Amino acid sequence: MNSTENPVRIGVYVCHCGTNIAGFLDVAELAAFARGLPGVVVARDYKYMCSDPGQELIKQDIQEYRLNRVVVAACSPNLHETTFRNAAEAAGMNRFLVQIANIREQVSWVATDREEGMAKARSHIAAAVRRVAMHEALERQYVRITPRVLVVGGGIAGIQAALTLADAGREVILVERQPSIGGHMAMFDKTFPTLDCAACILTPKMTAVKEHPNIKLLTYSDVVSVEGSVGRYTARIRRRPRYIDEEACVGCMQCIEACVFTRPRFPNEFDQGLGYRKPVYVPFAQAVPPVPVIDPKTCLYLSRGKCTQTCVQACGERNAIRFDQTETIEEYEVGAIIVATGFKAFDPTPIRYYGYGKYPNVYTALEVERLLNAGGPTSGELVLRDGRTPKRVGIIHCVGSRDKNYHPYCSRVCCMYALKLAHLVKEHTGAEVYNFYIDIRAPGKGFEEFYNRVENEGVRFIRGKVADIRPASLVAASAEVAGGGNGQSDPPTATEAVQTATPATSPEAQPAQKPSAAPIEPLVVRVEDTLLGEVREIPLDMVILAIALEPQPDADEVRRLFGISCSTEGFFLEKHSKLAPVQTANDGVFLAGACQGPKDIPDTVAQASAAAAAALALIDAGHIELEPNIAWIDETMCSGCRTCISVCPYQAIRPDEERNIAVVDPALCKGCGTCVAACPSGAAKQYLFSYEQLDQELEGILSYV
C-alpha cells in the first residue's frame, strides 16, 4: 500500500457504544483481529470512544506510538467523525487521516446472525484500514460569510427569527408574499390554553419589525432564485407592485374611503371569503406595513382604464398612488437563510359526507376564528349566514388528520384549538356545544388543565368519528319511511330545534355572510358514541370542522429553490430530528415553524429562536470551513468537453475559456461526486474519494466476506 508517509502507522479503536455494539458483537475479538492487519501498530476497544476518556486514549496513542493514521470502528460518521478528527488534530496529526468504520448502524443494528455480523464487522474494519493508508494530508479551506440573513416568511416564526437576529445587531431581509406580515396568527381571536388575545401578543412584534433599523421588510414579494453556497448566497427577490408608494404613504386610508365602489364587493381573502373588501384595501386593521394595496384584477382603472381615479384625488399632494408601478427584481447577498413559510389549512371539500361547501352552516375552524374576532366580518358576533345565533354547535376533530385517505399524521394543534373554539362559542352565544373526537391529545403545558376547564363549562364530549351530516328534513323523511310515519330522534329532532330558534340579528345587518331570505335548515350529525356503544343522531345549527395543517401547495417548488428536502408528509426535512432539528442538508439554510411540521405557537416561537441562534452562530464566526471531500480538475487531463458542467447539481463548475478546461469553485462544491463519475477523460477527481482509496476499500471488504 502506497501513502504520503512511510512507514504507515495505524491505530484502530473499537467502540462498545454501551450495548449498542458490544451487546451483539465481540468487540475484544474485533480489536484482536485489527492488530493483525497490515500497518496496524495498536488496536484497542473501549466502552465509549466518543467520551473524553476515549478521545484521550486516542491522543495518547498518537503521541506514544507515533501514529499517522486512525481508524475508529463505531457509529455513523455523521455523528462523530468531526469529534475524532478534532481529537487527532489536537494530538498533532492531520485531521483528514481519520477513517470511520460504521459497525453500529451497518452491522450490529441490522445483522440478525451473530457470526455473519462478526464477519461483516471484520470486513468493515479491514476496508477502513486499507483505505486510510491511502489518505492524503489535506489542508483546511475557509470562505468568508456575509453578515446578513434572509428570512423567508412573515408569520410568527419569521417575525421571531428576524427580531432575534436584528436585536443581536445583524442585518435581516424579511420577505413575505402577502401584503402584510402576521401569517395565520393574525387571523386568530384567542390563543390556547391561556386565552390571550392573539392580536395583543402579535401586533407589538409586527410593529417592532417595521421600526427595527436592522430589518428590511419586503412584503408582497417572493424569492425567485437562490445561487451560491453557505456564507455567500445571492437571493433574487421579486417585488410585486402595490400601486402605492410605501415611502410616500402615511396610512391615512383615505384612498379606500374614496374608491368609487361605495360598498365592498370582493371577498376578503384574509377573512376566508366571509367578508368583503374594495379594490384598494388593507387585509386587516393592524396590517404591517399599514399601506393599502390595489388589486389590479378588480381595480377599474388597472383592469379597464375607465375609473375617475377618485383615490388619486383623495391622496392629494402626497402622490402615493402610482398606477405606473411595475414588477421589480432586487438582489441581496446573504450568509444564511431561514425558511419560515408556514402551513396551509386543509380544504375539507373532498370529504363529501361533511358537507363543507354544500351546507351553508358547515364552517372550517379558521372561518370561525374570523367570525369570533372583533376585527372580523361580523365584529366578533358569532351568527349564521341567515343572521341567527346558533343554539347547538358541533365541533368535529381530526378533519383531514389521522386519516389514511388524506393525512395519516396528527396535526398536533387540532384538539386544543377545538377546545378553545368550544369555550369561545359557549362564551359568545351560550350555545350547547358538542366535541366529536377520536381521542383528546393535550400533552403541552397547561393543556390538560384547559381540557378540564372546558369540560367543567358544560361542553359535551362524544368519543366517535362522525359518519354523516345531512339536513334535518332528509333525516326526518328517512325516519318516516323506515318507521311507517312515526320517526323520532333522541335528543329532540332538528325540526323542533329550528322551529324554536329565533333570529338574533336581522340578515341585513350581516352583509359579509350573504344572508339567506329564509332560515337555514339545521343539520343532523350521525355518530357512533364508542363510550356508550350506540349510534346517535344529534341536531345542530352549526358544524365546525377542526381541519388539519398541511404543507404549503408550493412546498416542492420552495424545496428546490433552497436545495432542501421534504419528508413523506411534504413538510421540509431537518438534517437530524434530534441533533439538528433546525438545520437542513444544505449548509446555511435553517427551518423555523410549521413549514417543518405541525406545531403550536409556543413551539413555533421556540424553533424560530433556535434557528436564529444557529444562523447567528454561523455568521458570527466570520468564516466557514469547507468540506474536504470536494472535486478538483486535473488540468493535464481535461479536454474541455464540459460534461461535468452540465451534470453538476450545485453549479460549482465553470469553464475557463482561455485554457479550455473546467474549474471547480470549492465554496460551491458539495462533494457529491457526480462530475467524477461522468467525466469521460478521468480529469475530474475528488479528495478522500480517489480511485486508489476506493480500490483499497473494496479489496478490504472482499478479503474478509
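Here are some exercises on salt bridges, charge, cysteines and backbone geometry, each with a worked solution.

The model is predicted, so to speak of local features a pLDDT of at least 70 is needed, side-chain atom pairs count only at pLDDT 80 or more, and totals for chains, interfaces and linings use all residues. Residues are numbered from 1 along each chain as its sequence is written, and side-chain values use heavy atoms, leaving out hydrogens and water.

**Exercise 1. Salt bridges across the sequence**

Task: Find the salt bridge of Arg44 and work out which parts of the chain the pair ties together.

Solution:
- Start with the criterion: a salt bridge is a side-chain nitrogen of Lys or Arg within 4 Å of a carboxyl oxygen of Asp or Glu. The structure holds 43 of these salt bridges.
- Next, look for the partner. The side chain of Arg44 meets that of Asp61, at 2.6 Å from N to O.
- Now place both residues. Arg44 belongs to strand E2 (residues 40-46) and Asp61 to helix H2 (residues 52-64), so the pair ties together parts that are 17 residues apart in sequence. Helices (H or I, at least four residues) and strands (E, at least two) are DSSP runs, numbered from the N terminus.
- Finally, check the exposure, where buried means under 20% relative accessible area, exposed over 50%, and partly exposed in between (1.4 Å probe, protein chains only). Arg44 is partly exposed at 27%, whereas Asp61 is buried at 2%.

**Exercise 2. Two further pairs and a network**

Task: Describe the salt bridge of Lys465 and Asp403, then that of Arg659 and Asp656, and end with a network that includes Glu89.

Solution:
- The side chains of Lys465 and Asp403 form a salt bridge of 3.8 Å, N to O.
- Lys465 sits in the loop between strand E23 (460-463) and strand E24 (466-471), and Asp403 in the loop between strand E21 (392-399) and helix H12 (414-429), so this pair ties together parts that are 62 residues apart in sequence.
- Lys465 is partly exposed, with a relative accessible area of 39%, and Asp403 is buried, with 7%.
- For Arg659 and Asp656, the N to O distance is 3.0 Å. Arg659 is partly exposed at 45%, while Asp656 is buried at 16%.
- The network of salt bridges links Glu89, Arg95, Arg140 and Glu625.

**Exercise 3. Looking for disulfides**

Task: How many disulfides does a search of the whole structure find?

Solution:
- Recall that a disulfide is a covalent bond between the sulfur atoms of two cysteines. The test applied here is a pair of cysteine sulfur atoms within 2.5 Å.
- The search finds zero disulfides.
- Take Cys255 as one case: the closest cysteine sulfur, in Cys252, is 6.2 Å from its own sulfur, too far for a bond. Cys255 is buried, with a relative accessible area of 9%.
- Cys566 is in no disulfide either, as the nearest cysteine sulfur, that of Cys595, is 9.6 Å away. Cys566 is partly exposed at 24%.

**Exercise 4. Backbone geometry**

Task: Which residues does the cis peptide bond with omega of about -5 degrees join, and where is Arg66, with its positive phi, placed?

Solution:
- Keep the background in mind: most residues other than glycine have a negative phi, and most peptide bonds are trans.
- Phe192 and Pro193 are joined by the cis peptide bond with omega of about -5 degrees. Pro193 is in the loop between strand E8 (190-191) and strand E9 (196-197).
- A cis peptide bond also joins Val288 and Pro289, with omega of about 5 degrees. Pro289 is found in the loop between strand E15 (280-281) and strand E16 (293-294).
- Arg66 is not a glycine, yet has a positive phi of about 50 degrees. The loop between H2 and strand E3 (69-74) holds Arg66, which is exposed at 57%.
- Ser379 has a positive phi near 55 degrees. Ser379 is in the loop between helix H11 (365-372) and E21, and is exposed at 58%.

**Exercise 5. A separation in space**

Task: Locate Asp167 and give the separation of its C-alpha atom from that of Phe450.

Solution:
- Asp167 lies in helix H6 (residues 156-167) and is exposed, with a relative accessible area of 58%.
- The C-alpha atoms of Asp167 and Phe450 are separated by 34 Å, and the two residues are 283 residues apart along the chain.
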